[in-house]
Each structure stands twice: as C-alpha cells, then as structure tokens.
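Welcome! Take a look at the sequence and the model below, and then we can walk through them together.

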Amino acid sequence: MKKAYNETWIENLHILNKAEHWAAKKLLTREQLDQAEKAFPQQFYRPGIFVKIGLFIFTLIACSFASGFISMFIIGDGGQENISVISLFCMAGFLFFLEFLIKKRGLYHSGTDNALLYAALGAAAIPILSLFQDLQVWQFCIIFFAITYAATLRYADLLTAAGSFLILILMLGDMMMKFPIGKAILPFGVMILSALVYLIVKKIKSSYYHDCRKLIEILALATFYLGGNYLVVREGNAMLNNLNLPFAPQIPFAQVFYFFTIGIPVAYIFFGLKKHDRVLLITGLLSLALSVYTYKHYFSPFTPAQELAIAGMAMIILSAAVIKYLHTPKHGLSDEQEGKRKLANLEAILVAQHLGQTPGEDGNVEFGGGNFGGGGSGETY
C-alpha cells in the first residue's frame, strides 16, 4: 500500500535525530551538524507536545461540530440507515482533509492528522456496528483488523498498530472459547500467536514503521509472557468458568506454568543483554517483577512489610553491584546512559556519504587520525 507520508523525509528525520544526539555528545561540531541538516532535509510540521495535544483536541471538537452540522441536513427520521450514511459521508470528508493536510501542510503525527484519522475510523465503525449486528465477535474482529491494518500500513500510527495486534488476540480468544478444548489451550494459543507476530515484526527494517515495530514488539513480548504466567492463567481460568470461590482452584499442567513464569523473564533478560536489545531487557525486568508478585501471591511466608523491606534491600544491593561492575564497559555493556539507536548503521550512512569517513566492513566507524574520524586528534575537531 502506498504510504501517506514522505518516506525520504522520514528517513532523513531519523538521521538528523541521531546527528543531533552526536552533537550533544560532542562527536559532531556545529558546522558538521549544519552540514548534515543540509544533506538530509525534511519539511514536516512537528510541533511540541503541548501544541500537539491542543491541536488534537481542537481537531476532534471540529470533527464533532462538522458531523453535527452535516446531520442537520441528512438525519431524517434518525434511522440506522440515515446515521450510517452520515457516518460514511463524514468518514470520506475526514480522510479527504487528512490526505490534503499531509500533502499540502507537511503534517507528520502532529495531532491534527492523528485526530482526523481516529475520527475517520470512528465514523467507519458506526455503520459496521449498526448494520451488521448479527455478526459474531470474531467476524467483527476480521473487519476491524482489515481497517486498522490498512490504516497502519498507510499512516504508521501507533494506536492503529496496537489496535490491530489486540484485535488479533481478541479474535483468537473468541474463536477458541467456542470449544471446550479451546479454553484449556487458550494460554498456549496466545503465546504462539504472540511469538509469530514478534518474529514477523522483527523482520521489518523500514524507518517508516520504526515506532510501530517497537510498540508491537513490546505488546507481543508482554502477551507472550502473560499467556504463560501462572497467576494470570489460574485466575483467568476461574473467571472464564464462572467459579465463585474464595480462591481460584489449581489448574492442569501447573508445573508447566511455573516454568514459564520464571523461565520467560530470565530468557528475556538474557537475550536482551546478549543482543543489546533494550526492549527485551526492560520487558524482562518488568515481567520478572510480576513473576515475583505471582510467587508472593500464592506461596510467600512473609508479611507485606517484610516483603517490601527485603525487595528494597535486594534491589539496592543488586543495582549498586551492577553499576560498579559495568562502570568499566564489559561484554559490550556499560552503565553509561546512551541514546536509543534510531537507525541501523547510521554511522556508516552519515560518515560515508557526507562526512568523508569510510566505515568498516561491519558497518561501524573506524576512528583514526584526522579531523572528524580522529575524534579531535588532528588539528581541528
């Protein structure tokens, strides 16, 4: 599907973000940063966060007024058919202005375009929900997944990307719940679907979908872990079977979920450190915290005050030990805060194309003697 935003500008925007990070760390001079800005131009309108929020709210209000104004002429007797016609008409209008403002005003996730996209999706949902009331949940999921997936492909919006993934999970759950065996293996189904989605999005390298890919990775890792978490599975099983008991009963294959509850966070942390993957590492640490809570919920012999004291001391000691150990970088890891890598092999792209330094075979910059490449070892920085 053709993309709505200028792909070249998005690529340049990622490069300039990295160049600004380099300049902040004194790896680029002001002149070299200006040179990069000229070499990688972009003309998106990207206001600050507060202006973006204001534009988003104002646009939603404007869409509401526009919908109300149009309904004055078409509403008729207020039947479902008339409401659906109004919704479709509004959807077409919102999409028209969305495309127009992107092309003519250079909007790029500036609040206005996000609001117009959500208003169009909301208008598209009304006739589907009102005219096809006899559809089952999984059938609605197929329709809405097609809409949100298409919107994600064209606009690379975070909310539609997250919606597409969650709709997939909901559709899987609804379909499996229709069968007795489906309820029993639902956690494994969620884990398999999450793993497949994670492996698929990891193959996406386009800068256009950079933020969407990261968000889906986080969601997939989270649902994979939750699908195997003992507490979630045990309590969820009681809810699905309407068991009104003081405590949720033991579940089949409990030992398997014990293993998942501990093994998945450990695997996330291990591979996050090994591959220098921040998403895996942070997700692993958060899931490990939930695993500790799971153990505490069912098996802990301590009082809440004792648990907090022990957890606090353990975290302080562990953090201090890790910081001290990594004060001198080891195994490619360091306790020094580092900005996120915005684009693979960006050093090679910037330096080789415009700053005169030849990258090594592995895509890294080979710093040596000279001006920029020497990191200041020559006559000039």
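A residue counts as buried when its relative accessible area is under 20%, as exposed when that area is over 50%, and as partly exposed in between (1.4 Å probe, protein chains only). Helices (H or I, at least four residues) and strands (E, at least two) are DSSP runs numbered from the N terminus. Please keep in mind that this is a predicted model, in which local features need pLDDT of at least 70 and side-chain atom pairs count only at pLDDT 80 or more, while totals for chains, interfaces and linings use all residues. Residues are numbered from 1 along each chain as its sequence is written, and side-chain values use heavy atoms, with hydrogens and water left out.

**The whole chain**

The chain has 14 helices and zero strands. Of its 381 residues, 36% count as buried. Contact here means heavy atoms within 4.5 Å. Among the contacts in the chain with a separation of 6 or more, 63% are between residues 24 or more positions apart.

**Two helices**

The expected span of a helix is 1.5 Å times one less than its number of residues. Here is how helices H6 and H4 compare with that rule.

| Helix | Residues in helix | Expected span | C-alpha end distance |
|---|---|---|---|
| H6 | 19 residues | 27 Å | 26 Å |
| H4 | 26 residues | 38 Å | 36 Å |

For H6, the end distance agrees with the expected span, and for H4 it agrees as well.

Helix H6 covers residues 137–155. Its buried residues are Phe140, Cys141, Thr148, Ala151, Thr152, Arg154 and Tyr155. They pack against helices H4 (80–105), H5 (112–131), H7 (158–176) and H9 (210–228). Just after H6, alanine 156 takes a positive phi of about 50 degrees.

In H4, the buried residues are Ser84, Ile86, Ser87, Cys90, Phe94, Leu98, Leu101 and Ile102. Their cover includes helix H3 (49–74), H5 and H6. Glycine 106, just after H4, has a positive phi of about 65 degrees.

**Cysteines**

How many disulfides does the structure hold? There are zero disulfides, a disulfide being a pair of cysteine sulfur atoms within 2.5 Å. For cysteine 63, the closest cysteine sulfur is in cysteine 90, at 8.7 Å, which is too far for a bond. Cysteine 63 is buried, with a relative accessible area of 7%, and cysteine 141 is buried at 4%.

**A residue in H12**

Threonine 294 sits in helix H12 (residues 278–299). Is threonine 294 buried or exposed? Threonine 294 is buried, with a relative accessible area of 3%. Leaving aside neighbours within four places in sequence, threonine 294 is in contact with Asn229, Tyr230, Leu231 and Thr261.
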